[in-house]
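Here's a quick tour of some local features worth a look. Have the viewer open and follow along.

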Amino acid sequence: VMASMAHLQKEKLQLQEELLGLQEKLAAQENDELSLSLQLQGQVETLKAKVLEQAQEIGRLRSELGGTDAEKHRDLLAAENERLRQEMKACEGELQELRRQQQQQAPCRDCHHLQENTRLQEQLSQLQREAEETRAKLVELDLEVQQKTNRLAEVELRLKDSLAERAEEEERLSRRLRDSQETIASLKSQPQQIKYIIKTVEVESAKAKQALCETQSRNQYLQEQVAMQRQVLKEMEQQLQSSQKMEAQLRAQIVMYEAELERAHGQMLEEMQAMEEEKNRAIEEAFSRAQVEMKAVHENLAGVRTNLLTLQPALRTLTHDYNSLKRQVRDFPLLLQETLRSARAEISQAIEEVHSTNRELLRKYRRELQLRKKCHNELVRLKGNIRVFGRVRPITKEDGEGLEAANAVTFDTDDDAVLHLLHKGKQVSFELDKVFPPQASQEEVFQEVQALVTSCIDGYNVCIFAYGQTGAGKTYTMEGTAANPGINQRALQLLFSEVRGKAADWDYAITVSAAEIYNESLRDLLGKEPQEKLEIKLCPDGSGQLYVPGLTEFRVQSVEDINKVFEFGHVKRVTECTNLNEHSSRSHALLIITVRGLDRSTGLRTTGKLNLVDLAGSERVGRSGAEGSRLREAQHINKSLSALGDVIYALRSRQGHVPFRNSKLTYLLQDSLSGDSKTLMMVQVSPAEKNTSETLCSLKFAERVRSVELGPVSRKAELASWPSQEQLEGDSLGSAATPGRGHASHSPGQLSSRSASIRRKLHTSG
Ligand code: ADP
Ligand code: MG
C-alpha cells in the first residue's frame with residue numbers, strides 16, 4: 001500500500017509538473033500575443049504610410065479628373081448644339097425674309113424674279129434640304145444631347161449621392177479616424193506623421209481653399225485607408241480571438257489535466273482501498289493461520305501439561321536439592337570468613353615470626369659486621385698501621401747499555417721481604433714489609449694494597465705514598481698506563497665494586513679531588529683556576545678536622561668518570577724537565593678519594609679518605625745539577641720529604657708531638673696519618689748500576705720508616721730527630737751505624753728486623 005501510495009504521489013507530482021509546464025506555455029503564448037499586438041501596431045504604421053501614399057495618388061488623380069473624356073465630349077457637344085441652334089435661327093430668319101420678299105416682288109419680277117425665284121427656290125429647297133438635314137442632325141444631336149443630359153443628370157445624381165455618401169463616409173471616417181487615433185495613441189504609437197501631414201494640410205488649406213477640398217478628398221482616401229486599417233484591426237482582433245480561443249483551449253486542457261489528476265487521485269484511493277482490503281484479507285488469513293497454530297499449540301500444551309505432571313516429582317526433588325544448596329551457599333560466606341580469619345591469623349603469625357627472626361638476624365648481622373670491622377682493623381693493625389713496601393722497576397731502554405745498565409738488585413728466593421743491593425762492590429741487604437721484584441705485575445701489587453682500600457669503606461683514613469728518585473716508577477705504580485692501570489684506578493674500581501656489593505644496606509657517595517703541592521703551595525688540579533693557591537684550614541665545627549676551602553670535588557660513579565677526572569688533572573700537572581728524567585715530576589701529586597657511607601638500617605654514617613700520593617723525586621740536588629728555581633724546587637722537595645719522614649717517625653714511635661706543620665704535605669694529610677689511620681709507603685727503586693747510590697738512599701729511608709717501633713718510646717727517642725736527606729746520603733756513603741743516633745742507625749741486613757726491634761724495645765725500656 002505504501003509503495004502504491006508513493007507511486008501515486010509520484011504520479012501526482014508528475015502531473016503537477018506538467019500543469020506547471022502548461023502554465024508556463026500559457027504565459028509564453030500570452031507573451032506571443034503581446035508580441036503579435038506589437039507586430040500589428042507595426043502593420044498599422046505601415047498601413048498609415050500607405051494611406052499617405054494613396055492620398056498623394058488621390059491628389060494626382062483629382063488634377064486629372066478635370067479633363068475626363070466624357071465631360072470634354074459633353075462640353076464640346078453643348079457648344080456645337082448652341083452653334084447649330086443659332087445657325088438654325090439665322091436660317092429661319094432668312095427664310096421669313098425671303099417669303100416676305102416674294103410676296104412683295106412676285107408680279108414684278110415674274111420673269112426675272114421667277115428665275116431668280118426658281119433659283120432662289122432651288123436654293124431654298126436646297127437650303128430647306130440642308131435645313132432638313134441639319135434639323136435631322138439637330139434632332140439627332142438633340143437626342144444625343146438629351147441622352148447626354150440624361151446621362152449627365154444621372155452622373156450628377158450619382159455624384160450628389162456619392163457626395164452625400166462621401167460626406168457621410170467622411171464623417172464616419174473622421175469619427176473612425178479619431179477612434180483609430182485614439183486607439184493608436186492608446187497603443188503608444190502616435191501617428192505623428194499623420195498629424196503632421198494634417199497640420200501641414202491645414203496650413204496649406206489656409207493658403208488655398210481648394211487645398212482644403214483636396215485635403216478633404218485626401219481625408220476621404222485616408223478614411224478609406226482607415227477603413228482598411230479597421231479591417232486589419234478586425235483581422236487582428238480575429239487573431240486575438242483565435243489566441244483567446246487557444247487560451248481557452250489550453251485552459252480546457254488544464255481542466256482536462258486536473259480532471260486526469262483527480263482521476264489519478266481517485267485511482268490511487270481505489271488502489272489504497274484495494275490494498276487495505278488486501279491487508280485485511282492478509283490479516284484475516286494470518287489470524288486464521290494463527291488460530292490453527294494456536295490450536296496446535298494448545299494440543300502441544302496439553303502434551304506438555306501431561307509431561308509436566310510427570311516432571312513435577314523430579315522438580316520437587318530438584319527444589320529440595322536447590323534449597324539445600326541455597327542453605328549451603330548462605331552458610332558459605334560465614335565459613336569462608338572463618339577460614340579466612342584463621343588463615344589470616346596464621347599468616348600474620350608467620351609474618352610475625354619471620355619478622356622477629358629477621359630482627360634477630362639483623363641484630364646478629366650488625367654485631368658480626370662490627371666484629372668483622374674490628375677483626376679487619378686488628379689484622380691491618382697487626383700488619384702495622386704504617387707499612388713499607390719496596391718495588392724494583394725493570395731495566396728499561398732509558399737506562400742505556402753496558403755496565404751502567406747492569407742489574408744491581410737481587411732478591412731472596414725464600415723471603416719476599418728481603419732485597420740485596422750491590423753498591424760499590426758491597427752487598428747491602430734490606431728488609432721491608434714486602435718487596436716486589438721487577439716482574440711483579442700491577443695486579444700483584446694491588447693485591448697487597450687491597451686490604452687498605454677496603455678499610456677505607458669501613459671509615460678509616462688511608463694514605464698510600466710512592467717514594468723514590470725520578471724515574472724509579474712512582475707514577476707507574478700509582479697511575480700506571482692506560483693498558484695497565486696502577487693503584488689509583490684499581491682502588492677506585494675496587495671501591496665501586498665493594499659499594500655495589502653493599503648497595504642493599506648502604507648508600508655510598510664517592511668523591512674525588514686532585515691537588516698538587518709545588519714549592520710548598522697547594523693547587524687544585526680539578527679547579528677552574530689551577531694557579532690559585534689554596535689554604536688548609538681547621539674545621540670551624542671544633543672537631544679538629546682539616547679542610548681545604550675551594551678544593552674541587554667530583555662525584556664519580558663509574559670508571560669512565562675516573563678517567564675523565566684523571567685526564568682533566570693531568571693537563572694541569574706541573575712537570576719540568578731535568579737532566580735525570582725528561583718527565584720528572586717536581587711536585588707531589590695527591591688524589592684524595594672520599595667515601596661517605598650511610599647504613600640505611602641503622603642510620604650509621606661513615607667517612608673514609610683514601611689519599612694516593614705520587615711524591616716528587618727524592619734524588620739529591622747535587623746530582624740533578626739544578627740551579628736557581630730548580631734548586632729552590634729541590635730544596636722544597638727535600639724539606640717536605642724530610643718532614644714526611646719526621647711525621648711518620650713520630651707517629652710510629654707514638655710521640656706526644658707530631659710535627660705535621662713542618663710541611664704542607666704532612667699538614668694536609670694530618671688526619672689521614674694520625675689516629676686509626678693506615679699508611680703505606682711504596683718505595684720505588686731502580687735496579688740499574690748507575691742509580692745504586694739513589695737506590696741505597698731510598699732503601700735506607702724505607703727501612704728507617706719501617707723500623708720505627710710501635711708503642712711507647714723513650715723520651716730520648718721522642719726527642720731524636722729524623723735524619724735529613726744529607727744524613728741519609730752520608731749513611732749511604734758507607735759510614736757505619738752512628739752511635740747515639742738511636743735505633744734507626746743499625747746496620748741494615750745484619751739482623752732480622754723483628755728480633756732487632758724486640759731487642760731495641762728491651763734496651764730502651766731497660
Ligand atoms: P717516576 O714517576 O718515579 O719518575 P715513572 O713511573 O715515570 O717514574 O717510571 C719511569 C719509566 O719506567 C717509565 O717509562 C715507566 O713506564 C717505567 N717503569 C717504571 N716501573 C715499571 C715497572 N714496574 N714495569 C715496567 N715499566 C716500569
Ligand atoms: Mg713520576
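What follows is a short briefing on surface patches, loops and one long-range pair.

Keep in mind that this is a predicted model. Two patches sit on the surface, one of them negative and one nonpolar. Then there are two non-glycine residues with positive phi, Lys424 and Glu520, plus a polar contact between Ser587 and Glu516.

**Surface patches**

- Four acidic residues, Asp161, Glu165, Glu168 and Glu171, make up the negative patch.
- Asp161 belongs to helix α3, which runs over residues 111-186.
- With a relative accessible area of 48%, Asp161 is partly exposed; the class calls for over 50% before a residue is exposed, so Asp161 doesn't get that label.
- The nonpolar patch brings together Phe332, Leu335, Leu336 and Leu340, and their accessible area adds up to about 390 Å².
- Leu336, one of these patch members, is part of helix α5, residues 209-383.
- Leu336 comes out as partly exposed, at 40% relative accessibility.

**Positive phi in two loops**

- Lys424 isn't a glycine, yet its phi is positive, at about 55°.
- You'll find Lys424 in the loop that links β3 (418-423) to β4 (426-431).
- Is Lys424 buried or exposed? Its relative accessibility is 65%, so Lys424 counts as exposed.
- Glu520 is another non-glycine residue with a positive phi, this one near 65°.
- The loop holding Glu520 lies between β7 (506-518) and β8 (521-524).
- Glu520 has a relative accessibility of 16% and therefore counts as buried, since the cut-off for buried is under 20%.

**A buried serine and its partner**

- Ser587 sits in the loop between α9 (559-572) and β13 (588-599).
- Just 1% relative accessible area is left to Ser587, so this residue is buried.
- The side chain of Ser587 makes a polar contact of 3.1 Å with the side chain of Glu516.

**A pair far apart in sequence**

- Which residue pairs up with Leu240 across 204 residues of chain? That's Leu36, and the two C-alpha atoms are 8.7 Å apart.
- Leu240 is located in helix α5, the helix that also holds Leu336.
- Leu240 is partly exposed, with 40% relative accessibility.

Terms used:
Residues numbered from 1 in each chain as written. Chains lettered and ligands numbered in written order. Predicted model: local features only at pLDDT ≥ 70, side-chain atom pairs only at ≥ 80, totals over all residues. Heavy atoms only, no water. Patch = residues over 30% accessible without salt bridge, like charges linked within 9 Å, V, L, I, M, F, W, Y side chains within 5 Å. Areas by Shrake-Rupley, 256 points an atom, 1.4 Å probe, with all protein chains shown as cover. Salt bridge = Lys/Arg side-chain N within 4 Å of Asp/Glu carboxyl O. Lys, Arg positive; Asp, Glu negative; His and termini not counted. Charge placed at Lys NZ, Arg CZ, Asp CG, Glu CD. Helix = DSSP H or I, 4+ residues; strand = E, 2+ residues; numbered from the N terminus. Buried < 20%, exposed > 50% of the residue type's maximum accessible area, 1.4 Å probe, protein only. Polar contact = N/O pair within 3.5 Å; in protein donor to acceptor, adjacent residues only side chain to side chain.
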